[in-house]
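Visitor: I would like to understand how the labels on a model like this one are earned. Could you walk me through the reasoning?

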Amino acid sequence: MKKKIIVIGVLIFSWSFLTSSIFQQSPEQNVAVKAIYIDEFGNKWFGTSDGLYMFNDAAWSKYTSQDHIVSDLINALTFEQSTNGPELWVATDEGVSVVAFDIDGITGATSYTAEDGVYGTKIMDVVVDSRNYKFFGSDQGITYFHDGIMDSITYDENKSYLLNAPVNDMAIFNDSIYIGYGIGIGRLVSEVDGVTGASRWTNGYGITPLSGNILAVEIDSDGNQWFGTDAGAEKHIGLNAKDNWLLYTEDDGLVNNMVLVIREDNEGAMWFGTEGGVSMFKNDSWTNYNKSDGLISDTVYDIAFEENGTVWFATAEGISKMSDGEITTVDITTSSSSSVDLSLSGKIYQISSTNLMVHFNQEVQGPVQISVFDVSGKQVGSSTKNVITGNQMIIQLDDKFRKGIYFVKALTNNGLVLSEKVLLLK
């Protein structure tokens with residue numbers, strides 16, 4: 001008798017186990033690089049206009065929409081240490097994906113779009129609170145993803161602390177979420193029983209926002225709020241919206257007033273990526289870098305820091321890094337590549353209240369491992385006693401499962417994988 005699969009839990013989204021395409025190459029020449037993340041293994045992740053790349057200092061791995069990243073146009077990367085291990089949230093122009101990874105790269109991915117309840121299409125940023133609840137900032141507003149539920153936080157319902165404009169950037173500190181819009185700043189608080197209003201700041205408060213166009217948000221280790229605008233960088237100390245604002249511009253030493261990103265390094269220095277290069281602000285002193293100093297482009301979208309002091313720059317034309325004060329361009333010349341495709345085409349779907357059909361688009365022989373996952377990526381069922389000769393097999397389910405969306409993976413004995421989102425109906 002076949003081992004039964006017990007399926008539990010219910011929620012909404014799409015899961016795919018992906019096997020990376022491994023390339024001995026880096027991003028295409030002059031590709032726009034919008035985001036950088038350096039993981040605990042020392043791997044560098046780059047969100048680009050050509051997909052997601054990982055660099056382990058020796059070789060490159062590339063992940064695209066064909067590998068179940070929802071879109072190749074990536075705007076931001078956000079790390080989460082989930083209960084299932086390290087994960088990376090990938091904000092894109094067509095939704096958001098979360099990828100699980102280890103030292104060798106991505107091991108699985110889940111995608112969320114408007115069909116799954118995400119509010120808006122173009123996701124500009126993701127922040128994660130202390131309970132591992134997520135906030136997606138989009139062209140339409142904020143999605144609050146908690147307990148498997150997608151809640152829209154709209155302007156019409158929260159006019160006291162949100163603004164009616166697309167989200168450009170977000171940052172979180174002590175579960176206070178600061179939201180940068182093209183017309184000002186919003187702040188909301190994530191609490192145990194939900195989300196509460198805090199305040200919103202427009203040009204009626206002190207000097208900020210001077211232009212109203214908030215392009216970047218960063219909270220430093222002391223809780224000070226930094227905002228990048230098209231008129232300079234603003235610093236706010238404390239929570240009183242009308243007090244303690246400072247403004248830094250080109251007149252003070254900033255390399256360019258169009259501030260696209262702000263990051264704090266491991267020693268407390270503040271770094272500003274602009275349309276005219278990079279500025280580093282430490283001990284009330286400015287140090288500036290641009291193409292004349294070795295940057296591949298003066299338009300800098302993101303900055304990241306290694307523990308050894310190396311600084312990485314994501315720019316409009318590729319990647320630069322600075323080690324021991326010297327800026328060099330990371331080789332982005334396309335070379336020959338070879339990919340490893342371990343995917344298997346086919347379909348998995350329900351055929352009765354207690355059975356799934358696994359249909360492969362090619363002949364398969366030998367044992368097939370079936371695994372069922374809930375929406376958090378947790379394995380909730382499995383079956384190893386499945387032997388196939390042909391292209392179809394039936395999997396028996398426990399008749400106590402709840403209806404909902406689940407993620408089923410079929411793994412053949414030669415390493416081919418078929419992964420499908422399955423809607424289970426009673």
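Guide: Happily; what follows is a set of questions about this predicted model, each settled by holding a value against its cut-off.

Visitor: Let's begin with the whole chain. What makes up its secondary structure?

Guide: The protein chain comes to zero helices and 36 strands. Of its 426 residues, 57% count as buried. Among contacts with a separation of 6 or more, 52% are between residues 24 or more positions apart.

Visitor: Why is G141 called buried?

Guide: Buried means under 20% relative accessible area. G141 has 9%, so G141 is buried. This glycine is found in the loop between β12 (134-138) and β13 (142-146).

Visitor: How do you know that G141 is in contact with V167?

Guide: Contact means heavy atoms within 4.5 Å, and Y119, F136 and V167 are the residues in contact with G141 once neighbours within four places in sequence are left aside. The C-alpha atoms of G141 and V167 are separated by 6.3 Å, although the two residues are 26 apart along the chain. That C-alpha value is a separate one, because the contact cut-off applies to heavy atoms.

Visitor: And G182, why is that one called partly exposed?

Guide: Partly exposed is the range between under 20% and over 50%. G182 has a relative accessible area of 31%, so G182 belongs there. Its place is the loop between β16 (176-181) and β17.

Visitor: Which residues is G182 in contact with, beyond its neighbours within four places in sequence?

Guide: They are P166, N168, G212, N213 and I214. For G212, 30 residues away along the chain, the C-alpha separation is 6.1 Å.

Visitor: What makes β17 and β18 a pair?

Guide: Two strands pair if at least two bridges are found between them. Strand β17 (residues 184-191) is joined to β18 by seven bridges, so the two count as paired, and they run antiparallel. One of the bridge partnerships puts E191 with G194 in β18.

Visitor: Why are β15 and β18 called edge strands?

Guide: Each of them pairs on one side only. They belong to an open antiparallel sheet of four strands, in the order β15-β16-β17-β18. On average, neighbouring strands of this sheet are turned by 20° against each other, direction ignored.

Visitor: How do you know that β25 is mostly covered?

Guide: Five of the six residues in strand β25 (residues 277-282) are buried. By the cut-off, those five are therefore under 20% relative accessible area.

Visitor: Which strands pair with β25?

Guide: Strand β24 (residues 270-274) is joined to β25 by five bridges and runs antiparallel to it, with G273 standing opposite V278. Strand β26 (residues 285-289) also pairs with β25 in the antiparallel sense, over five bridges, and here M280 has T287 as its bridge partner. β24 and β25 form a hairpin with two residues between them. The hairpin of β25 and β26 has two residues between the strands as well, and N283 takes a positive phi near 55° there.

Visitor: Last stop, the largest pocket. What makes a residue part of its lining?

Guide: Lining residues have an atom within 4 Å of a point of the pocket. The largest pocket holds about 1400 Å³ of space. Its lining has 43 residues, and the closest to the centre are L77, D125, E218, R263 and D302. β15 gives the most to this lining, with seven residues.

Visitor: How many residues of the lining are nonpolar, polar and charged?

Guide: There are 27 nonpolar, five polar and 11 charged.

Conventions:
Residues numbered from 1 in each chain as written. Predicted model: local features only at pLDDT ≥ 70, side-chain atom pairs only at ≥ 80, totals over all residues. Heavy atoms only, no water. 1 Å grid on protein atoms, 1.4 Å probe; cavity = no way out; pocket = protein on both sides within 12 Å on 5 of 7 lines; lining within 4 Å. Points joined across faces, edges and corners; volume = space filled by probe spheres on them. Nonpolar A, V, L, I, M, F, W, Y, C, P; charged D, E, K, R; others polar. Axes fitted to C-alpha atoms, helices over the stretch in contact; angles between N-to-C directions. Buried < 20%, exposed > 50% of the residue type's maximum accessible area, 1.4 Å probe, protein only.
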